[in-house]
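Welcome, and thanks for taking a look at this one. Please keep the sequence and the 3D view open side by side as you read.

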Amino acid sequence: AMHFLSVGEFNAYLPLRFDDKVSNIHEQFPLDQETTTELARQLGYRIFANGEKTMTTDLLVELVSGEYIAFSIKANKDAVDPAKHRRTTEKQYIEMLYWKTKDIPWKLVFSQDLDRRKASNIRNCASFWNINSVSTKEELFRHLIINRKISVDLSRRIDFTAEAEKYIPDNAFERLMAKKQ
């Protein structure tokens, strides 16, 4: 089970999970404490939680190619404004340098820049991943989307009921429901 610390992390996770190029996503991935402590010392920064806690990266994404990308998710640019949030900025810098030492790309993503509509549409389809959870045409339409059997623009507002009527003939739906029983 995934445990997100923010809605922004969840909204970033959903499109990544739905991406065919992604094989795995590690949430709140722990960073090596010795490395982050050494980076903090080199920079003259206070050591994270006095060395009693481990820094984490919000999302470490493993691609099917075997490459990784690390993501830090913040609400908005103001969250990393050094004049207002010096300590947060320092921790972000340590995190960025940490991934640089591993030759893994690191991206700072702002929740305000995420496609919330796409995340919402994916979330609305996800509970119908399994065909056994389907009992209506609308649910079947959601099942087909989340299993990538049909392609729709998830960045737009979707009227799932109307789209289901358009895509799924009555006889096909009835045959499917009969097979389930």
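Here is a short tour by topic, from the sheet to the helices and then to some individual residues.

This is a predicted model. At its heart for this briefing is an open sheet of four strands, ordered S1-S2-S3-S4, with mixed pairing. Helices H1 and H3 both make contact with strands of that sheet, and three helix pairs are described below: H2 with H3, H1 with H4, and H4 with H5.

**The sheet**

- Which strands sit at the edges of the sheet? They are S1 (22-30) and S4 (106-110), each of which pairs on one side only.
- From one strand to the next, the twist averages 25 degrees.
- S3 (residues 68-74) and S4 run parallel and are joined by five bridges.
- If you would like a residue to click on, try Lys74, whose bridge partner in S4 is Phe110.

**Helices on the sheet**

- H1 (residues 7-18) packs on the sheet and touches S1, S2 (56-63) and S3.
- The direction of H1 makes about 160 degrees with that of S1.
- H3 lies across S1, S2, S3 and S4, and runs at about 175 degrees to S3.

**H2 against H3**

- The axes of H2 (residues 33-43) and H3 (residues 86-101) come within 10 Å of each other and cross at roughly 120 degrees.
- Why are these two helices called oblique? Angles of 65 to 115 degrees count as roughly perpendicular and those over 145 as roughly antiparallel, so a crossing of roughly 120 degrees makes H2 and H3 oblique to each other.
- The crossing of H2 past H3 is right-handed.
- On the H2 side, the contact is made by Thr35, Thr36, Leu39, Ala40 and Leu43; on the H3 side, by Tyr93, Ile94, Leu97 and Tyr98.
- Sorted by class, the residues of the H2 and H3 contact are seven nonpolar and two polar, with no charged ones.

**H1 against H4**

- The axes of H1 and H4 (residues 116-126) come within 9 Å and cross at roughly 65 degrees, which means that H1 is roughly perpendicular to H4.
- H1 and H4 cross in a left-handed sense.
- H1 brings Phe10, Asn11, Leu14, Pro15 and Phe18 to the contact, while H4 brings Arg116, Lys118, Ala119, Ile122 and Arg123.
- In the contact of H1 with H4 there are six nonpolar residues, one polar and three charged.

**H4 against H5**

- The axes of H4 and H5 (residues 137-146) come within 8 Å, with a crossing angle of roughly 115 degrees, and H4 is therefore roughly perpendicular to H5.
- This crossing of H4 and H5 is left-handed.
- Ile122, Asn124, Cys125 and Ala126 of H4 meet Arg142, Ile145 and Ile146 of H5.
- The contact of H4 with H5 counts five nonpolar residues, one polar and one charged.
- Ile122 is worth a look, as this residue of H4 is listed in the contact with H1 and in the contact with H5.

**Aromatic pairs**

- How many aromatic pairs does the structure hold? There are four.
- One of them is Phe29 with Trp99, a tilted pair at 6.0 Å centre to centre, with 45 degrees between the planes.
- Because Phe29 lies in S1 and Trp99 in H3, this pair ties together parts that are 70 residues apart in sequence.

**A loop residue to visit**

- Where is Glu67? You will find Glu67 in the loop between S2 and S3.
- The C-alpha atoms of Glu67 and Ile104 are separated by 7.9 Å, although the two residues are 37 residues apart along the chain.
- Setting aside neighbours within four places in sequence, Glu67 is in contact with Val61 and Glu62.

How values were computed: Residues are numbered from 1 along each chain as its sequence is written. This is a predicted model: local features need pLDDT of at least 70, side-chain atom pairs count only at pLDDT 80 or more; totals for chains, interfaces and linings use all residues. Side-chain values use heavy atoms; hydrogens and water are left out. Axes are lines fitted to C-alpha atoms, for helices over the stretch in contact, and angles run from 0 to 180 degrees between N-to-C directions. Angles under 35 degrees count as roughly parallel, over 145 as roughly antiparallel, 65 to 115 as roughly perpendicular and the rest as oblique. A crossing is left-handed if the near helix is turned anticlockwise from the far one by less than a right angle, and right-handed if clockwise. Contact means heavy atoms within 4.5 Å. Ala, Val, Leu, Ile, Met, Phe, Trp, Tyr, Cys and Pro count as nonpolar, Asp, Glu, Lys and Arg as charged, and the others, Gly among them, as polar. Two strands pair if DSSP finds at least two bridges between them. Rings of Phe, Tyr and Trp (its six-membered ring) pair if their centres lie within 6.5 Å; planes under 30 degrees apart count as stacked, over 60 as edge-to-face and the rest as tilted.
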